[in-house]
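Here are my notes on the model you sent round. Have it open as you read, since the points go strand by strand and then into the core.

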Amino acid sequence: MDQSKIDFRNIDEYVASFPANVADILQKMRTLVHETVPEINEKISWQMPTFYKSGIVIQFAAFQKHIGVFPGSEAIEVFKERLTNYKSSKGGFQIPFDKPLPYELLRSIVLYRLAEEEKLALAKAKKLKEKEKEIKISKELTNCEDNEN
């Protein structure tokens with residue numbers, strides 16, 4: 001089946017569209033992500049399984065001879081020493097179907113990405129709070145000026 005022409009509504013549909021051996025690998029990866037971060041959300045984004053909390057933690061997809069894992073360029077850089085046995089690019093790496101899944105490496109990457117996304121979310125919340133404080137001060141100053149007139 002040509003997956004590029006299908007609009008998957010969920011990860012179950014995505015996994016079911018592959019032969020049993022590939023579907024099994026995809027399901028094992030999905031389970032690993034959920035066991036590592038039980039409260040993680042999932043969706044299809046860019047036609048691939050995507051796992052997220054406040055932001056995307058990790059994505060993966062099946063190709064002709066491998067699973068592409070996409071944790072982002074920063075994670076690839078951080079884990080480059082542990083990825084030497086895998087073909088990698090700026091934002092992802094490949095796990096050939098004939099190699100075992102690197103469970104501990106994948107868990108470490110998921111936890112790293114989760115921590116990075118949580119830091120980003122906290123920074124955004126802090127920035128928003130500061131902006132709200134600025135707006136409140138600005139309104140108070142405007143009210144003071146209005147009362148003086």
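**Notes on the sheet and the core**

1. Start in the middle of the sheet: Gln59 sits opposite Phe70, a residue of β4. Keep in mind that this is a predicted model. The β3 and β4 strands run antiparallel and are joined by four bridges. The connection between β3 and β4 is a hairpin that passes through three residues.

2. Now zoom out to the whole sheet. There are five strands in an open arrangement, ordered β1-β2-β3-β4-β5, and the pairing is antiparallel. At the edges you'll find β1 (41–45) and β5 (93–96), each of which pairs on one side only. On average, neighbouring strands here are turned by 25° against each other, with direction ignored.

3. On one side of β3 is β2. Strand β2 covers residues 48–52 and β3 covers residues 56–62; three bridges join the two, and they run antiparallel. For a landmark in this pair, look at Tyr52, which stands opposite Ile56 in β3. Then there's the helix: α2 (residues 20–36) packs on the sheet and touches β1, β2, β3 and β4 (66–70). The direction of α2 makes about 170° with that of β3.

4. How much of β4 is buried? Four of its five residues are, so the strand is largely enclosed by the rest of the structure. The cut-off for buried is under 20% relative accessible area. Strand β4 also pairs with β5: four bridges join them, again in antiparallel fashion. In that pairing, Val69 faces Phe93 of β5.

5. Which residues touch the most other members of the largest nonpolar core? Those are Leu26 and Phe93, out of 38 residues in that core. Two or more core residues come from each of α1 (11–16), α2, β2, β3, β4, α3 (73–78), β5 and α4 (103–148). Helix α2 gives the largest share, at seven residues. So when you look at α2, you're looking at a helix that packs on the sheet and also supplies that largest share of the core.

6. Last, a closer look at Phe93. Setting aside neighbours within four places in sequence, Phe93 contacts Ile67, Gly68 and Val69, among others. The list also includes Ile76, Leu83, Tyr86, Lys87 and Ser88, and Leu106 and Ile109 are on it too. Val69 thus turns up twice in these notes: as the residue opposite Phe93 across the strand pair, and as one of the contacts of Phe93.

How values were computed: Residues are numbered from 1 along each chain as its sequence is written. This is a predicted model: local features need pLDDT of at least 70, side-chain atom pairs count only at pLDDT 80 or more; totals for chains, interfaces and linings use all residues. Side-chain values use heavy atoms; hydrogens and water are left out. Two strands pair if DSSP finds at least two bridges between them. Axes are lines fitted to C-alpha atoms, for helices over the stretch in contact, and angles run from 0 to 180 degrees between N-to-C directions. Contact means heavy atoms within 4.5 Å. Buried means under 20% relative accessible area, exposed over 50%, partly exposed in between (1.4 Å probe, protein chains only). A nonpolar core is a set of buried Ala, Val, Leu, Ile, Met, Phe, Trp, Tyr and Cys residues joined through side-chain atoms within 4.5 Å.
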